[in-house]
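Open the model in your viewer and keep the selection tool ready. Each stop below says what to select next and what is there.

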Amino acid sequence: MFNKLLRLSLFEIYRSLINNKTWLSNSLFLFINMLVFPFAINTDIESYGVYFLPSVITSILLAVVLITSNAFDEDVKDGTLDQLIIFGIPLYAIYLSKVIAAIVEFSFIICIVLPIMAIFYKIEHRVVLQIILNILLSIPLLTSVSIFGAMLTMNISKNSAIAVLLVFPLLISALIILSLASTEILNGSDFIVAFSYIKINIGLTLFLLPLLMWLSKSLKQF
Amino acid sequence: MLSCIDLSIEILGKKIVSNLGLSLLPGAIYVLKGANGSGKTSFLKTLAGINENYQGKILWNNKSIEKDVFFSYIISYLGHENALKEDLSVIDNLNLWADFKGNHLLIAPSIVQFDLAEHLEKKCKYLSAGLKKRVALARMIISNGMLWLLDEPESNLDDKGMELLLKLLQAKINSGGIVIIASHNLEHYKKVPVIQMEDFKDVQ
């Protein structure tokens, strides 16, 4: 089973990275969102730095939904999901492979977009690197929760609709913790202080990921 | 032998198939016939293990498929969709499925059988509908199951593709396999048992 999971994960990563349209359009979305966000509040270009963190957090919320919401759409439409089940791959392994691929794609996009945006916002390299590290440590939680939400949308029933709504508070909580950690960094605190917040996200990932895998095991396509 | 006892299938709360009972012996092709919505696809998906929303029993060699952990290994399924990744080449698609089954030795025969040699490096999105269907059928060889479930496999196939398909089906039943085909075109399958899905419609 581990072999199949590894192959499926590598396949998903390969597909998301060779498909320029996907990661390029997602990067562009993140880039434009961060660029335009401050204009919605203030057109004074000198005070842009103040809006760096809000624009990062907002963009991450939108990007994580964008990257993960269609995780299963194509597989359902082109019949791949049926074939994967017939080939004996359990739903939890399919779910996990999507999470792994989304983590890689999202991390890749963050590592490209954020350093560029930091120049625009005139943020120090050290600060940006620490914020990126914080985000990278939070991405597993964000993607695993969001992909579980996407998986639930395949199951058309009242219960799943409620469950999808429950996914969002988890996403928001993770982002609030990320925001608190990043604020500490921007305020000049040591990374250890920020890490004390991020530890919560890491802990939540370690608790939720196995739970969500277990829950996804019993999800049916119909 | 595949047996269904009092099989009823429900999709989204509606009973599509009711009290279906049959036994299918190896080495034969069986055609499912019926109007649209008569439950052909649902029946195939249930046999394939994709739809678990059913009552009754499905037995493979007198053992319930729910208890048979190896049942998924004997199934090869081709649905309405070809299950091809459009942004990958033909050979990458075949390799992917061969990876899951560990059947790399069957890639070459599948390419020869469906005459795909000159298209191997082409991305699937650039193939015609008929060629895509041939690639999907090539995957059936790779998955190498004893129970083949095909949902309108003749769609989009030209005369040559159809000829290749019929040869493949003949080879499968000669090796003791069971082939179940949902189709509207019975003229392609001569002298085969036909299962009328309307006979198992919910009368209520």
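A residue counts as buried if 20 or more other C-beta atoms lie within 10 Å of its own, as exposed if 12 or fewer do, and as partly exposed in between, with C-beta atoms placed from the backbone. Start with Ser128(B). With 11 other C-beta atoms within 10 Å, Ser128(B) is exposed.

Two notes before moving on. This is a predicted model, in which local features need pLDDT of at least 70 and side-chain atom pairs count only at pLDDT 80 or more, while totals for chains, interfaces and linings use all residues. Residues are numbered from 1 along each chain as its sequence is written, and chains are lettered from A and ligands numbered from 1 in the order in which they are written.

**Stop 1: around helix 4 of chain B**

Helices (H or I, at least four residues) and strands (E, at least two) are DSSP runs, numbered from the N terminus. Ser128(B) sits in the loop between helix 3 (107-113) and helix 4 of chain B. Add Asn156(B) to the selection. Its C-alpha atom is 8.9 Å from that of Ser128(B), with the two positions 28 residues apart along the chain.

Now select helix 4 (residues 129-143) of chain B. Its 15 residues should span 21 Å at 1.5 Å a residue, and its end C-alpha atoms are 21 Å apart, which agrees. The expected span is 1.5 Å times one less than the number of residues. Of the 15 residues in helix 4 of chain B, 13 are buried.

Step to Asn144(B), just after helix 4 of chain B. Asn144(B) belongs to the loop between helix 4 and strand 7 of chain B. Its phi is near 55°, a positive value in a residue other than glycine. Most residues other than glycine have a negative phi. Asn144(B) is partly exposed, with 17 other C-beta atoms within 10 Å.

**Stop 2: the parallel sheet**

Select strands 6, 7, 8, 3 and 9 of chain B. In that order, these 5 strands form an open sheet with parallel pairing. Two strands pair if DSSP finds at least two bridges between them. At the edges are strand 6 (75-78) and strand 9 (194-196) of chain B, each pairing on one side only. Neighbouring strands of this sheet are turned by 15° against each other on average, direction ignored. Axes are lines fitted to C-alpha atoms, for helices over the stretch in contact, and angles run from 0 to 180 degrees between N-to-C directions.

Zoom in on strand 7 (residues 147-151) and strand 8 (residues 178-182) of chain B, which run parallel and are joined by 5 bridges. Which residue in strand 8 of chain B is the bridge partner of Leu149(B)? Look for Ile180(B).

Next, follow the loop between strand 8 and strand 9 of chain B to Lys191(B). Here too phi is positive, near 55°, in a residue other than glycine. Lys191(B) is exposed, with 5 other C-beta atoms within 10 Å.

**Stop 3: the antiparallel sheet**

Select strands 2, 1, 4 and 5 of chain B. They make an open sheet of 4 strands in that order, paired antiparallel. Strand 2 (14-24) and strand 5 (63-64) of chain B are the edges; each has a single partner strand, so one side of each lacks a neighbour in the sheet.

Take the pairs in turn:

- Strand 1 and strand 2 of chain B pair over 7 bridges. Ile9(B) has Val17(B) in strand 2 as its bridge partner. Their hairpin has 2 residues between the strands, and Leu12(B) takes a positive phi near 50° there.
- Strand 1 and strand 4 of chain B are joined by 6 bridges. Leu2(B) stands opposite Trp60(B).
- Strand 4 (residues 54-60) and strand 5 of chain B share 2 bridges. Leu59(B) has Ser64(B) as its bridge partner.

**Stop 4: helix 1 of chain B**

Select helix 1 (residues 40-48) of chain B. Contact means that C-beta atoms, placed from the backbone, lie within 7 Å. This helix lies across strand 3 (28-33), strand 6, strand 7 and strand 8 of chain B, at about 150° to strand 7. Helix 1 of chain B also lies across strand 1 (2-11), strand 2 and strand 4, at about 120° to strand 1.

**Stop 5: chain A**

Show both chains. Here 19 residues of chain A are in contact with 23 residues of chain B. On the chain A side, helix 1 (2-18) and helix 5 (80-86) each give two or more residues.

Methods:
Contact = placed C-beta atoms within 7 Å.
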